[in-house]
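Reader: Please take me slowly through one part of this protein, beginning with a single annotated position and working outwards to its surroundings. I would like the criteria behind each term spelled out as you go.

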Amino acid sequence: MTFLALDVGNTRLKWALYEAPRVGARLLAHGAQFLENIEKLAEGDWADLPPPNWVMGCVVAGDAVKRRVEEQLELWDVVPRWVVSSSEEAGVVNGYDHPARLGTDRWVAMIGARQRLLSQGPARPCVVVMVGTAVTVEALDIDGRFLGGIILPGHGIMLRALESGTAGLHVPTGEVRDFPTNTSDALTSGGTFAIAGAVQRMVENLQKHSGYAPVCYMTGGAGWKMAPSMSTPVELVESLIFDGLLEIADRRLG
Ligand SMILES: Nc1ncnc2c1ncn2[C@@H]1O[C@H](COP(=O)(O)OP(=O)(O)O)[C@@H](O)[C@H]1O
Ligand SMILES: CC(C)(COP(=O)(O)O)[C@@H](O)C(=O)NCCC(=O)O
Ligand SMILES: [K+]
C-alpha cells in the first residue's frame, strides 16, 4: 500500500515513495527535479517505481506547475490529494489571519515539526526554518499553535537582487567569514547573516512570549548550507515536509 509524497517548491519538485501512508513507514525511493524538468518524471525517475496507492503533496509553485505535475501522475491510476492550509490539522492550530493563504509547504512542515517534537519528549515551543527559494521562519507555541512567521528572500534571490540593482557586484560565490574583506565573501556572508539573524530574532521573540527556550528545526534544499553558520542551535531535519505529509496521511488514510 505505497504512498508517494510530493513537495513542489518554487525551484524544485521533491518526491519520496514510502511503503505505507504511516508515520515511520519505510522509505523506498526518493528524488528531486528542477521545475523545468517535470516533464521528464513519468519516463524517467518514476518509470520503474511500483505504482503508488496514494499520492499526497503540497504545491506553492502555482496552478500551471501543479497541472504539469498532474500530467506526469497520469502514469498511474491514482488521484493526487493536494494539502490545503486549514485552521487546524494534526495537532497544529493555524494563527494566520486567513489560514488558507498560508503556504502549504509551511503548514505541512510545521505539522512535521510538531510531530517530531512530541516524539522526542515533553512539548516545547518550536521554531521551524525552511531554507528554499525563499526562507520562512515560523513560531509554534507549546500547545502547537502557529503564532506567526516571517518570509525573507533565499540566498539566490538576495544575490540576484543585488546583482541587478548595482554595477559592481558581479562576483563569484565567496565564503562565510566573521569579517569579510572582499566582495565575494561580503555578499555570501551578508546573505548568511541575514538568515541567521532572522532566525535568532524569532527564537528570541518566541522565548520571550512563552518563557521557555524553543527547539529550532531547519529544513529545505539549502538547509545544509545554512546550518553550520547559525548563531542559535538548530537541528537539521531534511525530511520535515515528508514527515508532515506522512502524519497527515496517517490520520486521514492510515
Ligand atoms: N542540489 C541542489 N540543487 C539545487 N538547489 C540546491 C541544491 N542544494 C541546495 N540548493 C539550494 O536550495 C535552494 C532550493 O531549495 P528547495 O528546497 O528545492 O527550494 P524550493 O522548495 O523553493 O523549490 C536553491 O535556491 C539552492 O540555493
Ligand atoms: C513563502 C513561499 C514563497 C515559500 O516558497 P518556497 O521557498 O518553499 O518555494 C510559499 O510558502 C508561499 O508562496 N506562501 C504563500 C504566502 C504565505 O505563506 O503567506
Ligand atoms: K519548500
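## From one annotated position outwards

Author: When neighbours within four places in sequence are set aside, N10 is in contact with V60, A61 and T133, contact meaning that the C-beta atoms of two residues, placed from the backbone, lie within 7 Å. The model is predicted, so local features need pLDDT of at least 70 and side-chain atom pairs count only at pLDDT 80 or more, whereas totals for chains, interfaces and linings use all residues. Residues are numbered from 1 along each chain as its sequence is written, while chains are lettered from A and ligands numbered from 1 in the order in which they are written.

N10 lies in the loop between β1 and β2, the latter being residues 12-18; helices (H or I, at least four residues) and strands (E, at least two) are DSSP runs, numbered from the N terminus. N10 counts as partly exposed because it has 16 C-beta neighbours inside 10 Å, where 20 or more other C-beta atoms within 10 Å make a residue buried, 12 or fewer make it exposed, and anything in between makes it partly exposed, with C-beta atoms placed from the backbone.

T133, one of the contacts of N10, also appears with N10 in an annotation: an unreviewed UniProt entry gives "binding site" for D7, V8, G9, N10, T11, R12, L13, K14 and T133. Such positions are given in the numbering used here, with feature names shortened, and the annotations may be inferred rather than shown by experiment. Although these residues are spread over 127 residues of sequence, they cluster in space, the largest C-alpha distance being 13.3 Å.

V8 belongs to this annotated set and sits in strand β1, residues 3-8. V8 is buried, because 25 other C-beta atoms lie within 10 Å. Beyond its neighbours within four places in sequence, V8 is in contact with L13, G57, V59, V60, A61, V65 and V69. V60 and A61 therefore appear in the contact list of V8 as well as in that of N10, which is partly exposed with 16 C-beta neighbours inside 10 Å.

V60 leads on to a second annotated set, since V60 is also among the contacts of T104, together with C58, V59, V83, V84 and S85, neighbours within four places in sequence again being left out. The unreviewed UniProt entry places a "binding site" feature at Y96, G103, T104, D105, R106 and T183. These residues span 88 residues in sequence, and the farthest two C-alpha atoms are 39.0 Å apart, so they do not all gather at one spot.

T104 is found in helix α2 and is buried, because it has 21 other C-beta atoms within 10 Å. Y96 is placed in the loop between β7 (92-94) and α2 (104-120); it is partly exposed, because 17 other C-beta atoms lie within 10 Å. Apart from its neighbours within four places in sequence, Y96 is in contact with R101 and L102.

Helix α2 can be followed further, to its packing with helix α6 (residues 240-252), at an angle of about 80° and with the axes 7 Å apart. Axes here are lines fitted to C-alpha atoms, for helices over the stretch in contact, and angles run from 0 to 180 degrees between N-to-C directions. That angle makes α2 roughly perpendicular to α6, because 65 to 115 degrees counts as roughly perpendicular, under 35 as roughly parallel, over 145 as roughly antiparallel and the rest as oblique. On the α2 side the contact is made by D105, V108, A109, I111, G112, A113, Q115 and R116, and on the α6 side by L240, I241, D243, G244, L245, E247 and I248. D105 is thus a residue of this contact as well as an annotated position. The contact residues divide into eight nonpolar, three polar and four charged, with Ala, Val, Leu, Ile, Met, Phe, Trp, Tyr, Cys and Pro counted as nonpolar, Asp, Glu, Lys and Arg as charged, and the others, Gly among them, as polar.

Within α2, A113 counts as buried because it has 29 C-beta neighbours inside 10 Å. Setting aside neighbours within four places in sequence, A113 is in contact with C126, V128, L140, Y217 and L240.
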